[in-house]
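Here are a few exercises to work through with the viewer open. Try each task yourself before reading the solution below it.

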Amino acid sequence: MVLRMSRLMLKTLRDDPADAETASHKLLVRAGYVRRSSAGVWTWLPLGKRVLENVARVVREEMDAIGGQEVLLPALLPRENYEVTGRAGEYGDLLFQLRDRKGADYVLGPTHEEIFTQVVKDQCTSYKDLPVILYQIQTKYRDEARPRSGVLRGREFQMKDSYSFDTTDEGLAEAYRLHREAYIKIFSRLGFDYRIVSAVSGAMGGSASEEFLAPAAAGEDTFVDCPACDYAANTEAVTTVVPPVEGAAHPPLEEVDTPDTPTIETLAAHLGVPASATLKNLLVKVDGEIVAVGVPGDREVDLGKLAEHLAPAEVELVTAEDFTGRPDLVRGYVGPQGLTGVRYLADPRVALGTAWVTGANKPDTHARNVVCGRDFEVDEYLDVVTVEPGDPCPRCGAGLKLDRAIEIGHIFQLGRKYADAFGLDVLGQNGKPARVTMGSYGIGVSRAVAALAEQTADGQGLCWPREVAPADVHVVAAGKALQTELALEVAEKLHAAGVRVIVDDRAGVSPGVKFTDAELLGVPTILVVGRGAADGVVEVKDRRTGEREELSVAEAVSRVS
Ligand code: ATP
Ligand code: MG
Ligand code: MG
Ligand code: MG
C-alpha cells in the first residue's frame, strides 16, 4: 500500500517538546513517530510503529537463523518466582508490583529468566530435548528512577529476550557464540555504529557477559575504547582488584563488626568519629556480610556526604550527578525496603579495578548485594585509580578514548543459577538427572529505534538507514493538481516495483512545508514532483548526502527500485 499523507494520522511539530533532552526524544516526537503517554510510557504512532516493526523483523530473522524458537510469555507474573531467585529484592523499586482481587502478588516482568526456566522444566525432560533457544519480542516493565530520555529509557518498553538451555558448558558456550554472531548481523543490518565490550553481569548473576554499545552523546554508559586495537570495555566491567601498590604507604584495611545493621549514625558512633567524618580503609561486616567499604585514596567514604544524600526519606536514588558529577561512578541501589544505599563504582582504571561502597540510610537496612569475592577481595588492598583519555591501552599501549554509549544489547552466560533455583534437571545420557545450564540475551527493540535516531539524525531531522526506515521513498507533490496526479502515479509505479512509498499528496500545504517535513521524517530517498512535471521530469534527492538529480519518471523509478 502506498502511504498517502493526506490520509495519514500525522502531526509534525516545529518546536521541540519542552521536556526533551536528547536528539532522538525531540525528533521522534516532532516527526510524529511517538507520543508520550505518561512518564517513560510511549504510544507508537503509525510511522513509529513501522520503524519498530522493521527492527523487530530484523531481530526475528536473525534469531530464527540461529534456530531460535519464538514464543510469547505473559508480562503479568506471580511475584513468588522472583522471590525464589532473590531478584524481587535485587530489583527493588524497579519492579512494578500489583495485587489481584484475591490478594495474590504479581509483578510486571522486567526480564523473564525465572519464567522461561519453568517453561523448560515443564516441556523438556530428557537431554534429547536440549539444546533449545527460546525467544520473544515482548513488552517489559521497569519502574526506572529517571525515565527522561524518551523511548531510550522507558518504563514500558519492547525487548527481545532469549534464553538458551543446555546440559553442558560447551553447549552454553556455543549458544552464546551463536547469539553473539546473530547480534553482529542484527546491529550491522540495522545500520548501527556499535562496539562489543565486556560487561558486569549485575542483577543477572553469572559469568561471561558482553554488551553491545552504540556510541552516542546521549548514552548513559561510559566505555573505554582503543583507537589502535580492538580493546573496548564498559567502565562498569572491571572487577579485578588492584593488588597493593609496591612501596606505597597504605594503611591496612580495618575490619569493624557492628552490632546492628549500621546507619550513618550507628557506624560513626561505633567508630567513635563524628557523623561527618571521612573514613579511609574501612570494612564493615554484619554477620560476616560486608555492608560497607571505605575506599582509600582520594575517593574515601565521606559519611557526611553520605548522610546528606541518604538521610531524607524522600531521597529515592542517589545519582552521580548529585554526588560526584560523574554519572558513571555512582549507581543508586534500591533494596527490598526501598532505598537502602548507594553503590559507588570507583573510577574505573582499565583492567585494574572497581571497588564498591555501600551506605545505609535507615535502621535495619543496608545494601545487601555487595558480595565479597564477587565484587572484590577483602584481603587485598582496594585501590582507586582513574582512567583519563590518553592513558595507555592495556593491550597495545595506544592512547585510550573515553566515550559515552547507549546499551543496545546484552548477552550473558548465566550458568546454573536459575536451574538451581528451580531444580531444572533433564534426564542425562547416563540415565541420571543432569542440571541444565542457561544463557540469557537481550536486545532493546524500542531503544534501538531511538539509538539509531541518535546516531543518524542531522540538523534537518531524522535520517533512517534503509532497513528500518518507514518507507524507501518519500514522494513530494510540490505544486498543483498536475504535480499531485503525477506524484500519485509515480508512487503507484514504485509500489508496483516493490518499493515502500510515502507520498505527500496533502492539498493546501505549501511545497516549503512539505520539503521541511520530508527532511524531518527522514526517509532515505526524497522524490520531488515539481516544476518539471509537465515535461515528465522529477528530482531524486538523497536524504543523507543531499545529492540531487533530475530524471525522467522512468529513470527515477528504475533508479530507486
Ligand atoms: P541499562 O544499563 O540501560 O539500564 P540494563 O543493563 O538494565 O540497561 P538489560 O537488563 O541488560 O538492561 O536488558 C537488555 C536490554 O534491554 C538492554 O541492553 C537495553 O537495550 C534494553 N533496555 C533495558 N532497560 C531499558 C529501558 N528502560 N528502556 C528501553 N530499553 C531498555
Ligand atoms: Mg537498567
Ligand atoms: Mg546496563
Ligand atoms: Mg544490561
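## Exercise 1: The ligand shell

Strand 21 gives the shell around ligand 1 its largest share, 4 residues. Keep in mind throughout that this is a predicted model.

**Task.** Find which residues come nearest to ligand 1, and work out how the shell divides by class.

**Solution.**
- Step 1. Start from the 15 residues around ligand 1; those that come nearest are F157, H410, G442, G444 and R447.
- Step 2. Next, look for the elements that each supply at least two shell residues: strand 9 (156–166), strand 21 (401–415), strand 24 (437–444) and helix 11 (445–456).
- Step 3. Sort the shell by class, and you get 3 nonpolar, 7 polar and 5 charged residues.

## Exercise 2: V475 and the nonpolar core

**Task.** Decide whether V475 is buried or exposed, and identify its contacts that are not close in sequence.

**Solution.**
- Step 1. Locate V475 in strand 25, which spans residues 473–477.
- Step 2. Count C-beta neighbours inside 10 Å: V475 has 32, and because the cut-off for buried is 20 or more, V475 counts as buried.
- Step 3. Leave aside neighbours within four places in sequence; V475 is then in contact with A487, V490, A491, V501, V503, D504, L527 and V529.
- Step 4. Now compare sequence and space for V475 and V540: they sit 65 residues apart in sequence, with a C-alpha to C-alpha distance of 9.1 Å.
- Step 5. Place V475 in its wider setting. The largest nonpolar core has 107 residues, and V475 is listed with V55, I408, V490 and V529 as having the most contacts inside it. Helix 6 (residues 169–189) gives this core its largest share, 8 residues.
- Step 6. Follow I408 as well: beyond four places in sequence, its contacts include F187, F192, Y194, I443, G444 and R447. Two of these names may look familiar, as G444 and R447 were among the residues nearest to ligand 1.

## Exercise 3: Two helices, two settings

**Task.** Determine how many residues of helix 1 are buried, and where the buried residues of helix 5 lie around its axis.

**Solution.**
- Step 1. In helix 1 (residues 23–30), 8 of the 8 residues are buried, so the helix is largely enclosed by the rest of the structure. Charged side chains are no exception here, as K26 and R30 are on the buried list.
- Step 2. Ask what covers helix 1: the cover includes strand 2 (34–38), helix 2 (46–65), helix 11 and helix 13 (511–521).
- Step 3. Check what comes after: helix 1 is followed by G32, with a positive phi near 70°.
- Step 4. Turn to helix 5 (residues 113–123), where E113, E114, F116, T117 and V120 are buried. Down the axis of helix 5, these fall within an arc of 165°, so they line one face.
- Step 5. Look at the other side of helix 5, and you find D122 and Q123 exposed.

## Exercise 4: How far to trust the model

**Task.** Find where pLDDT stays under 50.

**Solution.**
- Step 1. Begin with the whole protein chain: its mean pLDDT is 78, and 71% of its residues reach 70 or more.
- Step 2. Mark residues 201–206 and residues 278–386 as the stretches under 50.
- Step 3. Note that the model still has 261 contacts beyond four places in sequence for residues 278–386. Where pLDDT is low, predicted coordinates should not be read in detail.
- Step 4. Finish with the complex, for which the predictor gives an ipTM of 0.99 and a pTM of 0.77.

Technical notes: Residues numbered from 1 in each chain as written. Chains lettered and ligands numbered in written order. Predicted model: local features only at pLDDT ≥ 70, side-chain atom pairs only at ≥ 80, totals over all residues. Near = placed C-beta within 6 Å. Nonpolar A, V, L, I, M, F, W, Y, C, P; charged D, E, K, R; others polar. Buried ≥ 20, exposed ≤ 12 C-beta atoms within 10 Å, placed from the backbone. Contact = placed C-beta atoms within 7 Å. Core = buried A, V, L, I, M, F, W, Y, C linked by C-beta atoms within 7 Å. pLDDT = per-residue confidence, 0-100. Arc of directions from axis to C-beta.
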